[in-house]
2 protein chains.
Amino acid sequence: MGFSKDNLKGIVLALISCGFIGASFIIKKKGLKKAAAASGVKAGVGGYSYFVEPLWWFGMITMILGEVANFVAYAFAPAVLVTPLGALSIIISVVLPHFILKEKLHQLGILGCVMCIVGSIIIVIHAPHEQPISSVQEIWTMATQHAFLLYMGSVIILVIILVFYFAPQCGHTNVLVFTGICSLMGSLSVMSVKALGTSLKLTFEGNNQLIYPKTWFFVFVVAICVITQMNYLNKALDTFNTAIVSPIYYVMFTTLTIVASIIMFKDWDGQSAGNIVSEICGFVVVLSGTILLHVTKDFKRSSSFREKSQFVGGSYTPLSPSLSAGLCSGNGVLEA
Amino acid sequence: MGFSKDNLKGIVLALISCGFIGASFIIKKKGLKKAAAASGVKAGVGGYSYFVEPLWWFGMITMILGEVANFVAYAFAPAVLVTPLGALSIIISVVLPHFILKEKLHQLGILGCVMCIVGSIIIVIHAPHEQPISSVQEIWTMATQHAFLLYMGSVIILVIILVFYFAPQCGHTNVLVFTGICSLMGSLSVMSVKALGTSLKLTFEGNNQLIYPKTWFFVFVVAICVITQMNYLNKALDTFNTAIVSPIYYVMFTTLTIVASIIMFKDWDGQSAGNIVSEICGFVVVLSGTILLHVTKDFKRSSSFREKSQFVGGSYTPLSPSLSAGLCSGNGVLEA
């Protein structure tokens, strides 16, 4: 279970990605602090001095490297494995400040970290193996099977209803509207990223897939999905408290991605019931850890919470749900 | 994995046991309240009016039934499975008051319950099967193998050192002394209870084991171990805050019991690495849930904490560590 060569590569890449993304927020925060100290104007109140701060750019580069590693991880291992591991970046982003920024970690936060790690181990042990893919045509066949077309159709209809009916009506009062749009689009993002990643992997292995229009179609789908997801994630983060958005987004995004991956890549076919239940349990444990980390973050740091919201100007990572929602932005209507 | 017929019987019995034990505390508390209201003197300040209160006796009977179910569970399923499930009785004892006694459950307490349940599912799925035992002689052979004699010898030496050297010196300042004695003796209690339970099970199946002196020897060992364990658990609970004693006792008791069971019954022989790691993860999850429940219990109820310590007059359950430590007693030096 879990430890095929490709799965192992995927796990290592996902862990590296979490490390880079988690660290990038700390580096950027250090950069923002330095820039604020030099210019006297904080980013949260309109300062842009961080653009000339090398530390901030170093943080940006770290984050891009992390995103690339995440992207490549999807090419090797099932989404059922890579997506839930995204929660581990929270640990980095919570544990590093404890040492570097001297932001003290609440004791229950440590418990949250332990749970994220233990849950991830359970997920990794019970992760399914993926069938090797030899061409973009194969992915295309998977993406156009009836079950997945039905899923895709339902997602698009739901997103349209949410965007045009619910968003104007209750988008700013109900947290589920914007996060729902992000999560639905996110599941399609991951599937298309995985398709594209696999095509590129095959191309690098000498089996050129760039000659097929289908590869370029996937590039187009990735762009559309990621932009929509980014747009509504920013709206969600600007409107609601991160401590509310983050766990909801994590659970919806991860659940929908797992569902999409099970339908498209048939991840759970041939898996024993025990394996599947264990994996779901692992996911629930990681989710509980995430909630605990976010809730306890507010326990002791509520006084310095304003300062953290200066991250609103930064970018976020559409494929690492929990972290992006957890640390990028935070000033909003409900938080005030 | 996990679902042999005997394991299933063991799981059901363990769950029934948790239900009875968990409920018994609530019933007894109701009884204590009624008795206090009738006589005007609380148990915590020396009242004994609860002895004439039928509800309190009903609670006692419920608890004894729970202990019997727990005892029988050990005869069917491995200790590696039954012992960690003991944590589930905490859930009953935390969730029932929420509805019956209107003691509001903290939101993080709900998360703790979810974790205890999920961790238990993981443990159940990955529990090993036990070899069927056909006579008390077989258990005797297991108990007298070199490895287990070594374990038993080390435990007895450690207990003697703790009782005669450390207990007088720092028993009232270091929480590990009394809980250590309880946990070390507890692991021997469970092993001897399991031996006795299996003998009785065989006897009821028509294969009379009561004619062998070895069976009566196990009765003697059970008595010695349980009395020692009871004595030092009461000392620990009288000296330290239950919120500190309970998780420490749970982790030490469960760990030592699992170690003893692995050595004596070779529970993990022939288990895959994935299975063993998953089971350890499940155990860590249950432990985290336990800690969370105990920590958050103090968050909102600290004002009514004194009232809860009237349980000090009740008995406790030596084989269900977390609950006994969590609810039986509570007024002590450190808590004041």
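A salt bridge here is a side-chain nitrogen of Lys or Arg within 4 Å of a carboxyl oxygen of Asp or Glu, and between chain A and chain B the count is 0 salt bridges. The model is a predicted one, in which local features need pLDDT of at least 70 and side-chain atom pairs count only at pLDDT 80 or more, whereas totals for chains, interfaces and linings use all residues. Residues are numbered from 1 along each chain as its sequence is written, chains are lettered from A in the order in which they are written, and side-chain values use heavy atoms, with hydrogens and water left out.

Begin with both chains in view. Chain A is superposed on chain B (by least squares on the C-alpha atoms of residues with pLDDT of at least 70 in both) by a rotation of 180° with 0.1 Å of shift along its axis, at an RMSD of 0.0 Å. That is the relation of a two-fold axis, and to locate it from chain A, select A:V285, whose C-alpha is the nearest of that chain to the axis, at 3.7 Å.

Next, select the interface, where 21 residues of chain A are in contact (heavy atoms within 4.5 Å) with 21 residues of chain B. The buried area, meaning the accessible area (1.4 Å probe) that two parts lose on being put together, summed over both, is about 1700 Å², and carbon and sulfur atoms give 90% of it. Colour A:L108, A:L111 and A:C281, which lose the most area to chain B in chain A and together make up 23% of what that side buries.

Now show α5 (107–125) and α11 (273–301) of chain A, the elements that give two or more residues to the side touching chain B; helices are DSSP runs of H or I, at least four residues, numbered from the N terminus. The largest share, 11 residues, comes from α11(A).

Leave the interface and select A:D6 and A:K201, whose side chains meet in a salt bridge (3.8 Å, N to O). A:D6 lies in helix α1 (residues 5–39) and A:K201 in helix α8 (residues 175–204) of chain A, 195 residues apart. A:D6 counts as partly exposed at 30% relative accessibility, while A:K201 counts as buried at 18% (buried is under 20% relative accessible area, exposed over 50%, partly exposed in between, with a 1.4 Å probe and protein chains only).

In chain B, select B:K201 and B:D6, which meet in a salt bridge at 3.7 Å, N to O.

Finally, return to chain A for A:E53 and A:K34, a salt bridge of 3.9 Å, N to O.
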